[in-house]
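Here is a small set of exercises to work through with a structure viewer open. Try each task yourself before you read the solution.

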Amino acid sequence: MSERTTIALVTGANKGIGYEIAAGLGALGWSVGVGARDDGRREEAVAKLRAAGVDAFGVPLAVTDDASVAAAARILEERGGLDVLVNNAAITGGMPQEPTIVDPAIVRTVVETNVIGVIRVTNAMLPLLRRSARPRIVNMSSTVGSLTRQSAPGGETGPISAAYAPSKSFLNAVTIQYAKELHDTNVLINAGCPGFCATDLNGHRGFRTPQQGAQIAIHLATIPDDGPTGAFFDDEGPVPW
(Lines give C-alpha, C1' and ligand atoms only; values in the text may rest on other atoms or scores of the structure.)
Protein backbone atom coordinates (compact mmCIF):
# COMPACT_ATOMS: atom_id res chain seq x y z
CA MET A 1 0.00 0.00 0.00
CA SER A 2 3.05 2.26 0.21
CA GLU A 3 6.78 2.01 -0.32
CA ARG A 4 7.32 0.70 3.19
CA THR A 5 5.87 -2.57 4.39
CA THR A 6 2.14 -2.38 4.92
CA ILE A 7 1.29 -2.27 8.62
CA ALA A 8 -1.93 -3.68 10.05
CA LEU A 9 -3.40 -3.83 13.53
CA VAL A 10 -5.86 -6.55 14.50
CA THR A 11 -7.62 -6.21 17.85
CA GLY A 12 -8.38 -9.37 19.80
CA ALA A 13 -5.77 -11.16 17.72
CA ASN A 14 -4.35 -13.57 20.28
CA LYS A 15 -6.76 -16.37 19.35
CA GLY A 16 -9.62 -17.49 17.15
CA ILE A 17 -10.68 -15.44 14.15
CA GLY A 18 -8.45 -12.52 15.15
CA TYR A 19 -5.38 -14.73 15.15
CA GLU A 20 -6.27 -16.13 11.73
CA ILE A 21 -6.82 -12.63 10.36
CA ALA A 22 -3.34 -11.70 11.58
CA ALA A 23 -1.92 -14.85 10.00
CA GLY A 24 -3.66 -14.17 6.70
CA LEU A 25 -2.52 -10.57 6.50
CA GLY A 26 0.97 -11.62 7.50
CA ALA A 27 1.01 -14.13 4.66
CA LEU A 28 0.68 -11.15 2.29
CA GLY A 29 4.03 -9.92 3.54
CA TRP A 30 2.50 -7.33 5.84
CA SER A 31 3.74 -6.38 9.29
CA VAL A 32 0.93 -7.22 11.72
CA GLY A 33 0.28 -5.87 15.18
CA VAL A 34 -1.32 -8.44 17.47
CA GLY A 35 -3.61 -6.40 19.67
CA ALA A 36 -4.59 -8.13 22.91
CA ARG A 37 -4.94 -7.24 26.57
CA ASP A 38 -3.53 -10.47 28.03
CA ASP A 39 0.27 -10.23 27.98
CA GLY A 40 0.95 -13.96 28.02
CA ARG A 41 -1.55 -14.88 25.31
CA ARG A 42 -0.48 -11.97 23.15
CA GLU A 43 3.20 -12.87 23.24
CA GLU A 44 2.41 -16.54 22.69
CA ALA A 45 0.43 -15.61 19.57
CA VAL A 46 3.24 -13.35 18.33
CA ALA A 47 5.79 -16.14 18.79
CA LYS A 48 3.56 -18.61 16.93
CA LEU A 49 3.03 -16.18 14.06
CA ARG A 50 6.73 -15.41 13.80
CA ALA A 51 7.50 -19.12 13.72
CA ALA A 52 5.17 -19.31 10.72
CA GLY A 53 7.10 -16.55 8.98
CA VAL A 54 4.82 -13.62 9.82
CA ASP A 55 6.33 -10.24 10.69
CA ALA A 56 4.23 -9.98 13.86
CA PHE A 57 4.62 -7.70 16.85
CA GLY A 58 2.68 -7.38 20.08
CA VAL A 59 0.46 -4.40 20.88
CA PRO A 60 -0.85 -4.29 24.46
CA LEU A 61 -4.43 -3.20 23.94
CA ALA A 62 -7.59 -3.10 26.03
CA VAL A 63 -10.22 -1.52 23.81
CA THR A 64 -12.21 -0.28 26.82
CA ASP A 65 -9.32 1.73 28.26
CA ASP A 66 -8.39 5.17 26.93
CA ALA A 67 -4.80 5.05 28.16
CA SER A 68 -4.22 1.59 26.69
CA VAL A 69 -5.56 2.64 23.30
CA ALA A 70 -3.47 5.82 23.28
CA ALA A 71 -0.36 3.80 24.14
CA ALA A 72 -1.15 1.38 21.30
CA ALA A 73 -1.35 4.29 18.86
CA ARG A 74 2.10 5.43 19.99
CA ILE A 75 3.50 1.94 19.36
CA LEU A 76 2.17 2.04 15.79
CA GLU A 77 3.54 5.55 15.32
CA GLU A 78 6.98 4.37 16.38
CA ARG A 79 6.80 1.49 13.90
CA GLY A 80 6.11 3.84 11.03
CA GLY A 81 2.34 4.25 10.94
CA LEU A 82 -0.74 2.20 10.14
CA ASP A 83 -2.43 1.18 6.90
CA VAL A 84 -5.13 -1.26 7.96
CA LEU A 85 -7.17 -1.52 11.16
CA VAL A 86 -9.26 -4.60 11.85
CA ASN A 87 -11.62 -4.07 14.79
CA ASN A 88 -12.12 -7.69 15.77
CA ALA A 89 -12.23 -7.70 19.58
CA ALA A 90 -15.72 -8.48 20.91
CA ILE A 91 -17.60 -10.20 23.71
CA THR A 92 -21.04 -11.84 23.90
CA GLY A 93 -21.79 -10.95 27.51
CA GLY A 94 -23.01 -14.47 28.22
CA MET A 95 -26.48 -15.95 28.06
CA PRO A 96 -29.41 -15.77 28.63
CA GLN A 97 -30.10 -12.37 27.12
CA GLU A 98 -33.87 -12.30 26.71
CA PRO A 99 -34.80 -8.62 26.97
CA THR A 100 -37.32 -9.26 29.78
CA ILE A 101 -34.67 -10.72 32.07
CA VAL A 102 -31.32 -9.39 30.88
CA ASP A 103 -29.23 -7.44 33.37
CA PRO A 104 -28.81 -3.91 31.99
CA ALA A 105 -25.21 -4.04 33.20
CA ILE A 106 -24.54 -6.84 30.70
CA VAL A 107 -25.90 -4.72 27.86
CA ARG A 108 -23.72 -1.83 28.96
CA THR A 109 -20.62 -4.03 29.14
CA VAL A 110 -21.19 -5.55 25.70
CA VAL A 111 -21.75 -2.18 24.05
CA GLU A 112 -18.68 -0.76 25.80
CA THR A 113 -16.49 -3.40 24.12
CA ASN A 114 -18.26 -4.08 20.83
CA VAL A 115 -19.21 -0.54 19.89
CA ILE A 116 -17.58 2.11 22.05
CA GLY A 117 -14.32 0.15 21.99
CA VAL A 118 -14.38 0.23 18.19
CA ILE A 119 -15.00 3.97 18.20
CA ARG A 120 -12.22 4.51 20.74
CA VAL A 121 -9.66 2.49 18.79
CA THR A 122 -10.70 3.82 15.38
CA ASN A 123 -10.48 7.46 16.47
CA ALA A 124 -7.07 6.91 18.07
CA MET A 125 -5.75 5.26 14.90
CA LEU A 126 -7.31 7.58 12.32
CA PRO A 127 -4.49 10.16 12.40
CA LEU A 128 -2.11 7.36 11.40
CA LEU A 129 -4.48 5.87 8.84
CA ARG A 130 -5.00 9.25 7.17
CA ARG A 131 -1.28 9.30 6.33
CA SER A 132 -1.50 5.95 4.56
CA ALA A 133 -1.72 5.75 0.78
CA ARG A 134 -4.56 3.20 0.98
CA PRO A 135 -6.11 3.08 4.46
CA ARG A 136 -8.67 0.42 5.24
CA ILE A 137 -10.82 -0.19 8.31
CA VAL A 138 -12.66 -3.49 8.81
CA ASN A 139 -15.25 -3.83 11.57
CA MET A 140 -15.97 -7.46 12.35
CA SER A 141 -19.72 -7.65 12.67
CA SER A 142 -22.27 -10.46 12.43
CA THR A 143 -25.38 -11.21 10.43
CA VAL A 144 -27.21 -11.50 13.76
CA GLY A 145 -26.98 -7.71 13.74
CA SER A 146 -28.95 -7.47 10.49
CA LEU A 147 -32.33 -5.93 11.31
CA THR A 148 -33.62 -7.18 7.96
CA ARG A 149 -32.79 -10.78 8.81
CA GLN A 150 -33.87 -10.43 12.43
CA SER A 151 -37.31 -9.24 11.37
CA ALA A 152 -37.84 -11.67 8.48
CA PRO A 153 -40.53 -14.30 9.20
CA GLY A 154 -38.84 -17.56 10.02
CA GLY A 155 -35.40 -16.01 9.79
CA GLU A 156 -32.74 -17.91 11.73
CA THR A 157 -30.44 -15.45 13.45
CA GLY A 158 -29.48 -17.29 16.62
CA PRO A 159 -30.89 -17.00 20.13
CA ILE A 160 -32.86 -14.02 21.38
CA SER A 161 -30.32 -11.44 22.42
CA ALA A 162 -30.76 -8.01 24.00
CA ALA A 163 -27.03 -7.32 24.18
CA TYR A 164 -24.84 -9.09 21.61
CA ALA A 165 -27.03 -8.94 18.48
CA PRO A 166 -28.08 -5.31 19.05
CA SER A 167 -24.44 -4.39 19.65
CA LYS A 168 -23.67 -5.60 16.14
CA SER A 169 -26.63 -3.63 14.75
CA PHE A 170 -25.18 -0.61 16.55
CA LEU A 171 -21.73 -1.35 15.12
CA ASN A 172 -23.16 -1.59 11.60
CA ALA A 173 -24.86 1.78 12.04
CA VAL A 174 -21.65 3.35 13.34
CA THR A 175 -19.77 1.93 10.34
CA ILE A 176 -22.14 3.76 8.01
CA GLN A 177 -21.68 7.02 9.90
CA TYR A 178 -17.89 6.75 9.64
CA ALA A 179 -18.19 6.12 5.91
CA LYS A 180 -20.39 9.18 5.51
CA GLU A 181 -17.98 11.39 7.44
CA LEU A 182 -14.93 10.04 5.60
CA HIS A 183 -16.51 9.99 2.15
CA ASP A 184 -14.16 12.64 0.79
CA THR A 185 -11.02 10.83 1.99
CA ASN A 186 -9.26 7.68 0.82
CA VAL A 187 -10.26 5.79 3.99
CA LEU A 188 -12.53 2.84 3.15
CA ILE A 189 -14.45 1.34 6.06
CA ASN A 190 -16.69 -1.72 5.88
CA ALA A 191 -18.27 -4.33 8.13
CA GLY A 192 -17.75 -8.04 7.64
CA CYS A 193 -19.39 -11.16 9.04
CA PRO A 194 -17.15 -14.22 9.50
CA GLY A 195 -20.06 -16.65 9.74
CA PHE A 196 -20.74 -19.06 12.59
CA CYS A 197 -17.21 -20.14 13.46
CA ALA A 198 -16.10 -22.48 16.22
CA THR A 199 -14.45 -20.10 18.70
CA ASP A 200 -14.33 -19.42 22.43
CA LEU A 201 -16.99 -16.75 21.84
CA ASN A 202 -19.65 -19.41 21.20
CA GLY A 203 -18.21 -22.35 23.10
CA HIS A 204 -16.86 -23.80 19.82
CA ARG A 205 -20.36 -24.60 18.58
CA GLY A 206 -19.81 -23.04 15.17
CA PHE A 207 -19.57 -25.08 11.97
CA ARG A 208 -16.95 -22.90 10.26
CA THR A 209 -13.27 -22.72 11.15
CA PRO A 210 -11.64 -19.51 12.39
CA GLN A 211 -9.49 -19.58 9.25
CA GLN A 212 -12.62 -19.57 7.09
CA GLY A 213 -14.06 -16.76 9.20
CA ALA A 214 -10.96 -14.65 8.70
CA GLN A 215 -11.33 -14.55 4.93
CA ILE A 216 -13.91 -11.76 4.83
CA ALA A 217 -11.64 -9.49 6.89
CA ILE A 218 -8.67 -10.23 4.64
CA HIS A 219 -10.81 -9.48 1.59
CA LEU A 220 -12.05 -6.15 2.97
CA ALA A 221 -8.54 -5.20 4.11
CA THR A 222 -7.28 -5.56 0.56
CA ILE A 223 -10.07 -4.03 -1.53
CA PRO A 224 -8.94 -1.68 -4.31
CA ASP A 225 -9.11 2.11 -4.10
CA ASP A 226 -12.43 2.13 -5.97
CA GLY A 227 -13.89 -0.50 -3.65
CA PRO A 228 -16.96 -0.11 -1.45
CA THR A 229 -17.21 1.83 1.78
CA GLY A 230 -19.93 1.84 4.39
CA ALA A 231 -21.11 -1.62 3.32
CA PHE A 232 -21.72 -4.96 5.04
CA PHE A 233 -20.48 -8.26 3.61
CA ASP A 234 -20.04 -11.94 4.27
CA ASP A 235 -18.38 -14.53 2.03
CA GLU A 236 -21.43 -14.64 -0.25
CA GLY A 237 -21.53 -10.89 -0.86
CA PRO A 238 -23.49 -7.94 0.52
CA VAL A 239 -25.57 -8.55 3.66
CA PRO A 240 -28.87 -6.68 4.09
CA TRP A 241 -28.77 -4.25 6.98
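The exercises below go from the whole chain to its sheet, its cores and one loop residue, and the model they use is a predicted one.

**Exercise 1. The chain as a whole**

Task: Find how many helices and strands the chain has, and compare its radius of gyration with the globule rule.

Solution:
- Step 1. Counting the elements gives seven helices and eight strands.
- Step 2. The radius of gyration comes to 17 Å, and the globule rule gives 18 Å for 241 residues; the two are close, so the chain is as compact as a globular protein of that length.
- Step 3. Along the principal axes, the C-alpha atoms fill a box of roughly 50 × 40 × 35 Å.
- Step 4. Turn to burial: 51% of the 241 residues are buried.
- Step 5. Finally, take the contacts with a separation of 6 or more; residues 24 or more positions apart account for 71% of them.

**Exercise 2. The order of the strands**

Task: Work out in which order the strands form the sheet, and which strands stand at its edges.

Solution:
- Step 1. Walking across the open sheet, you meet the eight strands in the order β3-β2-β1-β4-β5-β6-β7-β8, with mixed pairing.
- Step 2. The edges are β3 (55-60) and β8 (237-238); each has a single partner strand, so one side of each is left without a neighbour in the sheet.
- Step 3. Helix α2 (residues 39-51) packs on this sheet, where it touches β2 (31-36) and β3, and its direction makes about 170° with that of β3.
- Step 4. Helix α3 (residues 66-79) packs on the sheet too, touching β1 (7-11), β2 and β3, at about 150° to the direction of β3.

**Exercise 3. Pairing, strand by strand**

Task: Follow the pairs from β3 to β5; how many bridges join β2 to β3, and which residue in β5 stands opposite Val-86?

Solution:
- Step 1. Begin at the edge: β2 and β3 run parallel and are joined by six bridges. Here Val-34 stands opposite Gly-58 in β3.
- Step 2. Next, β1 pairs with β2 in the parallel sense over five bridges, and Ala-8 has Val-32 as its bridge partner in β2.
- Step 3. On to β1 and β4, a parallel pair with three bridges; Leu-9 has Leu-85 as its bridge partner in β4.
- Step 4. β4 (residues 84-87) and β5 (residues 136-140) are parallel as well, over four bridges, and Val-138 in β5 is the residue opposite Val-86.
- Step 5. Now add the helices: β1, α1 and β2 make a right-handed β-α-β unit, and so do β2, α2 and β3.

**Exercise 4. Burial in β1 and α1**

Task: Decide how many residues of β1 are buried, and what covers the buried residues of α1.

Solution:
- Step 1. A residue counts as buried under 20% relative accessible area.
- Step 2. In β1, five of the five residues are buried, so the strand is largely enclosed by the rest of the structure.
- Step 3. Ile-7, Leu-9 and Thr-11 point one way from β1, while Ala-8 and Val-10 point the other way.
- Step 4. In α1, nine of the 11 residues are buried, so this helix is largely enclosed by the rest of the structure. Among them are Ile-17, Tyr-19, Ile-21 and Leu-25.
- Step 5. The cover over the buried residues of α1 includes β1, β2, α2, β4, β5 and α7.

**Exercise 5. Two nonpolar cores**

Task: Find which residues touch the most other members of the largest nonpolar core.

Solution:
- Step 1. This core has 31 residues, and Val-10, Ile-21, Leu-25, Leu-49, Val-86 and Met-140 touch the most other members.
- Step 2. Two or more residues each come from β1, α1 (16-26), β2, α2, β4, β5 and α7 (210-221).
- Step 3. Leaving out residues up to four places away in sequence, Leu-49 touches Tyr-19, Ala-22, Ala-23, Val-34, Val-54 and Ala-56.
- Step 4. A second, separate core has 26 residues, including Val-69, Met-125, Leu-126 and Ile-137.

**Exercise 6. A proline in a loop**

Task: Locate Pro-99 and decide whether Pro-99 is buried or exposed.

Solution:
- Step 1. Pro-99 lies in the loop between β4 and α4 (104-129).
- Step 2. The relative accessibility of Pro-99 is 55%, so Pro-99 counts as exposed.
- Step 3. Not counting residues up to four places away in sequence, Pro-99 touches Ile-160 and Ala-162.
- Step 4. Pro-99 and Ile-160 are 61 residues apart along the chain, and their C-alpha atoms are separated by 8.0 Å.

Technical notes. Residues are numbered from 1 along each chain as its sequence is written. This is a predicted model: local features need pLDDT of at least 70, side-chain atom pairs count only at pLDDT 80 or more; totals for chains, interfaces and linings use all residues. Side-chain values use heavy atoms; hydrogens and water are left out. Two strands pair if DSSP finds at least two bridges between them. Contact means heavy atoms within 4.5 Å. Axes are lines fitted to C-alpha atoms, for helices over the stretch in contact, and angles run from 0 to 180 degrees between N-to-C directions. A nonpolar core is a set of buried Ala, Val, Leu, Ile, Met, Phe, Trp, Tyr and Cys residues joined through side-chain atoms within 4.5 Å. Buried means under 20% relative accessible area, exposed over 50%, partly exposed in between (1.4 Å probe, protein chains only). A crossover is right-handed if, with the strands pointing away from the viewer, the path from the first strand over the helix to the second runs clockwise. The radius of gyration is taken over C-alpha atoms; the globule rule is 2.2 Å times the number of residues to the power 0.38.
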